[in-house]
Amino acid sequence: MPETTDQLAATLLEAQVAYTLSQLTDDAKFAELVDDEIASFMVESGTVPLETVMPRALIKAVARKYTMQFPVEGAIPELVGQVAGRLYRHEVHRTTVLSEVIDTRRFEELAAVATELPVARRAVDQVLASPATTDTVVEVVQRAVERRVGVRAGRRLAGLVERWTRRGTAAVLGSVQEDSDDLLLDGLREFWRGRSGDAVDGFRDTVDEADVEDVVILVFEFWRSFRQTDFFRTLLDAGIDEVFDTYGATPIADVLADLGVSEADLREEAMRFGPPVIGHLDTTGFLAQLIRRRLAPFYASAQFREALASRR
C-alpha cells in the first residue's frame, strides 16, 4: 500500500530532524559544520561592504533605542549596585598589594607619560593660574587665623592676612608653575613609594561601601538625564557616522580583521559555547522539539504538497 502524503511528510520530517541532530550533537560533525559555515561566511563577507548589510540609519536607530530609550530603572541600577558592593567586599582586596596590580616599573612609565601629556600640563597650569586657587588659599588661611586667635581678632586681621596671603600665594604658585611637570611627577612617585606595598584594601579607609553606592546612584541619575539631551544625540550620531565613513565601504571580513577578530577566533568561540549549550538542550529533549517545530510547518504546507505532486 503506497504511503499517503501525510505519511511521507512525517517520515521526511523525522529523517531531517535526526540528520540535523546528528550534525549538532556529534562533536566531529559539529566541528565540520562550524568550519564550513565560518569559512563560507569569511569568503562571502570578503566581498560585501559593511554598509550594505548594516545600513547607517538602522544602526543609528538601534543605538538610540538602547542608549536613549531603553529603561535604566528598577532592577538595572539595583543589580549594578549589588555587583559593585560585592566587588568592594571581595577578599582579594585584603590579599593583593598595589605592586601586584601594577608593578613599579610600569607605574613609573605611566606616571611619566601622564605628566608629559599636553592636557595634563594645561590642566595644572590653569589650576595654578586661576584666581579661584588663590581665593581658596586665602579663605583657608583666614579660617586658620580665626581658629588660632579667635573670630573677632581674626576678622580685624582679615585684610592684612588677605594681602600677605595673596602676595605669598602668587609668588609660590608662580615658581611652582615653572616646574609643575617635575613636581607632579615627584608627587606621584612619592605616593607610589609610600603605598605600593599596601594592600588594595587600605583604600577602604578613604572610600567605603556607602560611597560606592552613592557613586552608582549619582552616575545613573546623571545618565538618565544626559542621554535625553540633544547634545548626547548629536555626539552619538557623529560617532556612528565616523565609523561608517571609515568602514562603510570596507568588506565585513576586513572590518573584523581590523578589529582583531580572526577566522580562528570565530571557530574557537563557536566550539567553546556550541557543544555544552547544544548538549544540555539535547539532554532535555528541547533541541529535537525545537528542530521539529521549525521544520514541521514546511511539511504541512501547500508548497511541499505541490512539489511532491509535481514529481508524480
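**Figure 1. K60, a buried lysine in helix α4.** With a relative accessibility of 14%, K60 counts as buried in this predicted model, because that value falls under the 20% cut-off. The residue belongs to helix α4, which covers residues 56-69. Leaving aside residues up to four places away in sequence, K60 touches D237, I240 and D241. So which residues should you look for around K60 in this close-up? Look for D237, I240 and D241.

**Figure 2. V72 in the loop between α4 and α5.** Moving on along the chain, we come to V72, placed in the loop that links α4 with α5 (75-89). Is V72 buried or exposed? V72 is buried, its relative accessible area being 10%. Once residues up to four places away in sequence are set aside, V72 touches P77, F220, W223, R224 and R227. One of these partners, F220, is 148 residues from V72 in sequence, yet the two C-alpha atoms are 7.7 Å apart in space.

**Figure 3. L87, an exposed leucine in helix α5.** Here the view turns to L87, which has its place in helix α5. L87 has a relative accessible area of 52% and is exposed, because the cut-off for that label is over 50%. How many residues lie between the positions of L87 and E209 along the chain, and what separates their C-alpha atoms? The two are 122 residues apart along the chain, and their C-alpha atoms are separated by 10.0 Å.

**Figure 4. Where helix α1 meets helix α2.** This view takes in helix α1 (residues 5-25) and helix α2 (residues 27-45), whose axes come within 5 Å and cross at roughly 90 degrees. That angle makes α1 roughly perpendicular to α2. On the α1 side, the contact is made by S22, Q23, L24 and T25, while α2 brings D27, K29, F30 and L33. Sorted by character, the residues of this contact of α1 with α2 are three nonpolar, three polar and two charged.

**Figure 5. The whole chain, as a setting for the close-ups.** Stepping back, the protein chain has 19 helices and zero strands. Its radius of gyration is 33 Å, well over the 20 Å that the globule rule gives for 312 residues, so the chain is more spread out than a compact globule. Along the principal axes, the C-alpha atoms fill a box of roughly 120 × 45 × 40 Å. Of the 312 residues, 23% count as buried. The accessible surface of the chain comes to about 21,400 Å², and carbon and sulfur atoms hold 60% of it. Among contacts in the chain with a separation of 6 or more, 85% join residues 24 or more positions apart.

Key:
Residues are numbered from 1 along each chain as its sequence is written. This is a predicted model: local features need pLDDT of at least 70, side-chain atom pairs count only at pLDDT 80 or more; totals for chains, interfaces and linings use all residues. Side-chain values use heavy atoms; hydrogens and water are left out. Helices (H or I, at least four residues) and strands (E, at least two) are DSSP runs, numbered from the N terminus. Buried means under 20% relative accessible area, exposed over 50%, partly exposed in between (1.4 Å probe, protein chains only). Contact means heavy atoms within 4.5 Å. Axes are lines fitted to C-alpha atoms, for helices over the stretch in contact, and angles run from 0 to 180 degrees between N-to-C directions. Angles under 35 degrees count as roughly parallel, over 145 as roughly antiparallel, 65 to 115 as roughly perpendicular and the rest as oblique. Ala, Val, Leu, Ile, Met, Phe, Trp, Tyr, Cys and Pro count as nonpolar, Asp, Glu, Lys and Arg as charged, and the others, Gly among them, as polar. The radius of gyration is taken over C-alpha atoms; the globule rule is 2.2 Å times the number of residues to the power 0.38. Accessible areas come from the Shrake-Rupley method with a 1.4 Å probe; for residues, only the protein chains shown count as cover.
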